[in-house]
Amino acid sequence: MLGRKWIRGTHSMPWSRKIMTIEESEPFKKRKKPHKHYVPCEIEFLPSVENLVEPADYNNFTQFSLSYILKEEHLASNGSLFGGHQSLQEREETYYAKNQSLHCGFIEGPEDYPSSGFDLDERDRAYMDTCRVVVSSCIFGGSDYLRRPTKSKISSYSKKNVCFIMFLDELTLATLSSEGHVPDENGSIGLWRTVVVKNLPYKDMRRAGKVPKLLAQRLFPSALYSIWLDSKLRLNADPMLIIEYFLWRKKAEYAISVHYDRTCVWEEVLQNKRLNKYNHTAIDEQFYFYQSDGLVKFNDSGQEPVLPSYVPEGSFIVRAHTPMSNLFSCLWFNEVNRFTSRDQLSFTYTYLKLRRMNTGRNLHLNMFKDCERRAVAKLFHHRTNGTADPPPTDLRMNKTHSSMSS
């Protein structure tokens with residue numbers, strides 16, 4: 001990878017401590033907020049992708065080997081098998097950046113057991129295996145419109161060498177086709193190559209969408225880089241220029257923007273409840289658990305926060321597929337699988353715990369400005385709201401296993 005030139009070629013927890021409820025710690029006050037205007041800011045991209053070369057010292061990140069648990073013989077009585085049934089002790093061990101095999105989705109049951117889900121056509125799998133740089137998104141449950149990347153902003157190099165993958169379920173494919181978005185003989189609609197997912201692993205469409213969002217390293221095993229954008233976004237910049245600006249130039253292996261309005265997980269919990277984004281009891285359960293394991297308010301640790309915000313705007317993610325980036329993505333997905341599908345609630349907890357348990361071996365994270373996200377991707381409203389189902393209690397609060405001291 002070093003010096004790669006891109007212009008040619010192909011592509012269990014102590015519970016005795018008093019935990020404040022969110023209502024106790026942050027009483028709700030009705031007040032009108034002034035209307036805010038959020039605008040993009042200027043980004044100094046390189047003028048073109050011509051002669052773009054990965055820096056020779058870029059890949060100097062923490063090195064270790066990851067493999068993934070593929071099968072479980074002993075099945076729980078309820079819940080999705082796809083994420084596996086990880087004990088709290090197993091969960092704790094996975095936070096160490098070391099050679100290991102861990103849960104990271106795509107778990108299958110015993111021989112002759114039905115598929116756990118996210119089934120793909122073999123031709124699509126074969127194509128995805130060839131991808132070295134990927135832009136991906138998804139629409140499940142007919143929940144959104146298809147937003148094509150702005151072709152005039154995409155270089156001829158990227159059009160030829162970057163994989164643009166849009167994951168759809170059969171309902172969405174039928175909906176889009178009825179609206180005139182019919183894939184050609186190669187399965188493409190404009191730059192997007194559509195990949196139909198059968199047998200979604202979760203009833204909750206938001207949780208199902210976390211599979212392609214957080215597990216690009218599993219779906220694209222040969223990829224060096226990937227860019228994720230939610231279906232509410234339209235890509236307005238060249239993928240290679242995005243990688244150069246957000247990763248190479250910042251010497252980062254993972255890039256995500258701060259939230260446009262909130263900086264503290266406490267605020268995010270309140271907002272999720274106010275808007276009924278998820279079952280309140282499940283949100284409280286996750287939030288109390290994280291407090292018990294050391295999560296503090298953004299500006300209440302007695303030190304400067306280690307991140308510019310403790311709430312991300314997770315609709316746009318740029319990643320190098322390094323060991324630490326891949327580990328973080330697996331850990332974040334496992335939190336979404338264990339608790340709620342609201343990934344903004346688990347992002348900072350996952351990052352801070354990984355950092356705390358690996359002193360001197362940090363994930364090189366670029367948490368960039370929201371206006372930069374708006375500069376590279378135009379925001380639209382979703383078509384509809386999806387349904388949400390809470391994860392099984394036996395998976396979330398498996399207290400029978402050893403504590404999670406860290």
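**Exercise 1. Numbering the bonded cysteines of the protein chain in sequence order, what is the pairing?**

Keep in mind that you're looking at a predicted model.

Step 1: see how many disulfides there are. Cysteine sulfur atoms within 2.5 Å make a disulfide, and by this rule the count comes to 3.

Step 2: find the partners. Cys41 is joined to Cys371, Cys104 forms a disulfide with Cys330, and Cys131 is joined to Cys163.

Step 3: put the bonded cysteines in sequence order and read off the pairing, which is 1-6, 2-5, 3-4.

**Exercise 2. Work out which parts of the chain the links of Cys41 and Cys104 tie together, and the hand of each link.**

Step 1: start with Cys41 and Cys371, whose S to S distance is 2.2 Å. Cys41 sits in the loop between α1 and β1, and Cys371 is in helix α13, so this pair ties together parts 330 residues apart in sequence. There's 75° about the S-S bond, and the link is right-handed.

Step 2: go on to Cys104 and Cys330, with sulfur atoms 2.1 Å apart. The torsion here is about -85°, so this disulfide is left-handed. Cys104 belongs to the loop between β2 and α3, while Cys330 is part of helix α11, 226 residues away.

**Exercise 3. Is each of Cys41, Cys104 and Cys330 buried or partly exposed?**

Step 1: you need the cut-off, with buried meaning under 20% relative accessible area and exposed over 50%.

Step 2: apply that to Cys41, which has 25% and is therefore partly exposed.

Step 3: now take the other two. Cys104 has 0%, so it's buried; Cys330 also comes out buried, at 0%.

**Exercise 4. Do the same for the link of Cys131 and Cys163.**

Step 1: the S to S distance is 2.1 Å, and with -100° about the S-S bond the link is left-handed.

Step 2: Cys131 is in the loop between α3 and β3 and Cys163 is in strand β4, so the parts tied together are 32 residues apart in sequence.

Step 3: check burial, and you'll find both Cys131 and Cys163 buried.

**Exercise 5. Describe how helices α11 and α12 pack.**

Step 1: α11 covers residues 323-338 and α12 covers residues 347-356; their axes are 10 Å apart, at an angle of about 130°.

Step 2: the two helices are therefore oblique to each other, and α11 passes α12 in a right-handed crossing.

Step 3: look at who makes the contact. From α11 the residues include Met324, Phe328 and Trp332, and from α12 they include Phe347, Tyr351 and Leu354. By class, the contact has 9 nonpolar, 1 polar and 1 charged residues.

Definitions and conventions:
Residues numbered from 1 in each chain as written. Predicted model: local features only at pLDDT ≥ 70, side-chain atom pairs only at ≥ 80, totals over all residues. Heavy atoms only, no water. Axes fitted to C-alpha atoms, helices over the stretch in contact; angles between N-to-C directions. Helix = DSSP H or I, 4+ residues; strand = E, 2+ residues; numbered from the N terminus. Parallel < 35°, antiparallel > 145°, perpendicular 65-115°, else oblique. Left-handed = near helix turned anticlockwise from the far one by under 90°. Contact = heavy atoms within 4.5 Å. Nonpolar A, V, L, I, M, F, W, Y, C, P; charged D, E, K, R; others polar. Buried < 20%, exposed > 50% of the residue type's maximum accessible area, 1.4 Å probe, protein only.
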